[in-house]
Amino acid sequence: MTSTFPNISISTERLVLRPLDEDDVPALAEMMNDEQVGAWTDVPQPYTQGQARHWITAYAPAERTSGRGLNLAVTEFLTQRLVGIVQLTKTDWHVRSTEMSYIIAPWARGEGYASEAALATAQWLLGDQKFERIELRTAADNTASQQVAQKIGCISEGVLRNACIAHHRTEDGTWIDVRTDYIVWSLLPEDLEGTDEQLADTDGFASYSDWN
């Protein structure tokens, strides 16, 4: 029998991670049309509100109920504004592993929201859900995403050569594919020990241009 993630909310000092809702459609579409999201993800460009609605009402529920993954909206606790998403994919319930990625809206970058949201998700997965491995893959030139992985305690396992397709916008506005390497990171339960203390020692969630 296929296992599934529960419909949950995760709270941090500044954020609430919750299931995506149809009210998120405009903010999600706006966030996905960012230049850096286009460069480092496979999100279609331009990204329409119709595509955002399909993700929220069809794709995300199907991923959860099938056991393949989970899509969480990242919102500010005080304003309830959507600041990003955390996505779990390629979940293996026998091995108890999953792959995590994150995107932060352009206006919310530099606040450390990606590391805060990713760490909270990891603590929930490796603690409450008894997962044994979280994997992250970052494009070789995506240094901001790599900094987030390091910040939450991930260990770099190596390079998948020529395994990633990034994107570059040309002068005429079209997008072209650019092949690059993936850096593979992992996070195990024991890697979380002391992470909160480390963050406290460095004045919390440091400012990066958080996107993956």
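User: Which residues does leucine 17 touch, not counting residues up to four places away in sequence?

Analyst: This is a predicted model, where local features need pLDDT of at least 70, side-chain atom pairs count only at pLDDT 80 or more, and totals for chains, interfaces and linings use all residues. Residues are numbered from 1 along each chain as its sequence is written, and side-chain values use heavy atoms, leaving out hydrogens and water. Taking contact as heavy atoms within 4.5 Å, leucine 17 touches Ile8, Ser9, Ile10, Leu72, Ala73, Val74, Val86, Ala117 and Thr121.

User: Which element gives the largest share of the largest nonpolar core?

Analyst: A nonpolar core here is a set of buried Ala, Val, Leu, Ile, Met, Phe, Trp, Tyr and Cys residues joined through side-chain atoms within 4.5 Å, with buried meaning under 20% relative accessible area (1.4 Å probe, protein chains only). The largest one has 37 residues, and Leu17 is among those touching the most other members. Helices are DSSP runs of H or I with at least four residues, strands are E runs of at least two, and both are numbered from the N terminus. The largest share, 10 residues, comes from H4.

User: How many of the residues of H4 are buried?

Analyst: Helix H4 spans 113-128 and has 16 residues. It's mostly covered, and the buried count is 13 of 16.

User: Which residue with positive phi follows H4?

Analyst: Look just past the end of H4. The phi there is near 60 degrees, and the residue is lysine 130.

Conventions. Buried < 20%, exposed > 50% of the residue type's maximum accessible area, 1.4 Å probe, protein only. Expected span 1.5 Å × (residues − 1).
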